[in-house]
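Dear colleague,

I am passing on to you the structure below, together with a short account of what came out of going through it. Please read the notes with the coordinates open beside you.

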Amino acid sequence: MIEARIKQTVRDVNDFPKPGIIFKDITPILKDSVLCGEITAALAEQLSSIQIDVVAGIESRGFLFGMSLANLLGVPFVPMRKAGKLPYKTVQHSYDLEYGSATLELHEDAFLPGQRVLIHDDLLATGGTVVAASHLIHKLGAEVAGYSFIIALDFLNGRERLDVFSPNHFALASY
Ligand code: AMP
């Protein structure tokens, strides 16, 4: 079962990036090309009943499987980046972190109005990052088709914050 394989392969790193956090390190997954292919296929399978026009991946680990997922679905991939990285004209959305704030950016022509955008990231924690991504998608007149993660930390209740944008949120491995 894919969930067990992911959990066996992900590496827990205690106290990174700060004390008390157990960081789910997915780099051991990236060394296993067979597992990577199975993860991409399983992500696509979970989304099979949803109409998706574009996959948006969140910097930086959301790029790793977001691109292969978009390729498998046969739809465009759009990178959502941290401030100051994208070269063309951008739109931004800033959001609060536990300490300080962060900004996500998109190229202003990333989506056509009304397009249905699937947001992909490696991991759902509090949901703050993908909520910000959702606001940014709305700023460009597009819709949130749903959310796709490899891992969800469901004890942090991030999914509750996603329902106002879309009821479609999927993860392959939950804790
Ligand atoms: P959040 O906005 O709280 O849902 O945090 C999600 C973002 O932070 C994702 O881009 C994750 O890659 C990263 N992240 C948060 N917590 C962890 C964790 N325990 N292990 C690995 N990545 C994490």
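To begin with one residue: does Asp25 count as buried or exposed? At 12% relative accessibility, Asp25 counts as buried, because the cut-off for that class is under 20%. Please keep in mind throughout that this is a predicted model.

Asp25 belongs to strand β2, which covers residues 22-25, and its side chain makes polar contacts with the side chain of Arg11 at 2.8 Å and with the side chain of Thr27 at 2.9 Å. When residues up to four places away in sequence are not counted, Asp25 touches Val10, Arg11 and Val13.

Between Arg11 and Asp25 there is also a salt bridge, in which the closest N and O atoms are 2.8 Å apart. Since Arg11 lies in strand β1 (residues 11-14) and Asp25 in strand β2, the pair ties together parts that are 14 residues apart in sequence. Arg11 itself, with a relative accessible area of 45%, is partly exposed.

A search of the whole structure finds eight salt bridges, and two others may be of interest to you. Glu59 and Arg81 meet through their side chains at 3.0 Å, N to O; Glu59 sits in the loop between β3 and α4 (61-73) and Arg81 in strand β4, so this pair ties together parts that are 22 residues apart in sequence. Of these two residues, Glu59 counts as buried at 14% relative accessibility, whereas Arg81, at 22%, counts as partly exposed. Lys7 forms a salt bridge with Glu3, with the closest N and O atoms 3.3 Å apart, and both residues lie in helix α1, four residues apart, which is about one turn of the helix.

As for the sheet, seven strands form an open arrangement in the order β5-β6-β4-β3-β7-β8-β9, with mixed pairing. The edge strands, each pairing on one side only, are β5 (90-96) and β9 (169-174), and neighbouring strands are turned by 20° against each other on average, direction ignored. Within this sheet, β3 (residues 54-58) and β4 (residues 77-82) pair in the parallel sense over four bridges, and Val55 stands opposite Phe77 in β4.

Two helices that pack on the sheet deserve mention. Helix α1 (residues 2-9) touches β8 (143-152) and β9, its direction making about 60° with that of β9, while helix α3 (residues 33-46) touches β7 (116-124), β8 and β9, its direction making about 140° with that of β9.

With best regards

Terms used. Residues are numbered from 1 along each chain as its sequence is written. This is a predicted model: local features need pLDDT of at least 70, side-chain atom pairs count only at pLDDT 80 or more; totals for chains, interfaces and linings use all residues. Side-chain values use heavy atoms; hydrogens and water are left out. Two strands pair if DSSP finds at least two bridges between them. Axes are lines fitted to C-alpha atoms, for helices over the stretch in contact, and angles run from 0 to 180 degrees between N-to-C directions. Contact means heavy atoms within 4.5 Å. A polar contact is a pair of N or O atoms within 3.5 Å; within protein, one must be able to donate a hydrogen and the other to accept it, and residues adjacent in sequence count only if both atoms are side-chain atoms. A salt bridge is a side-chain nitrogen of Lys or Arg within 4 Å of a carboxyl oxygen of Asp or Glu. Buried means under 20% relative accessible area, exposed over 50%, partly exposed in between (1.4 Å probe, protein chains only).
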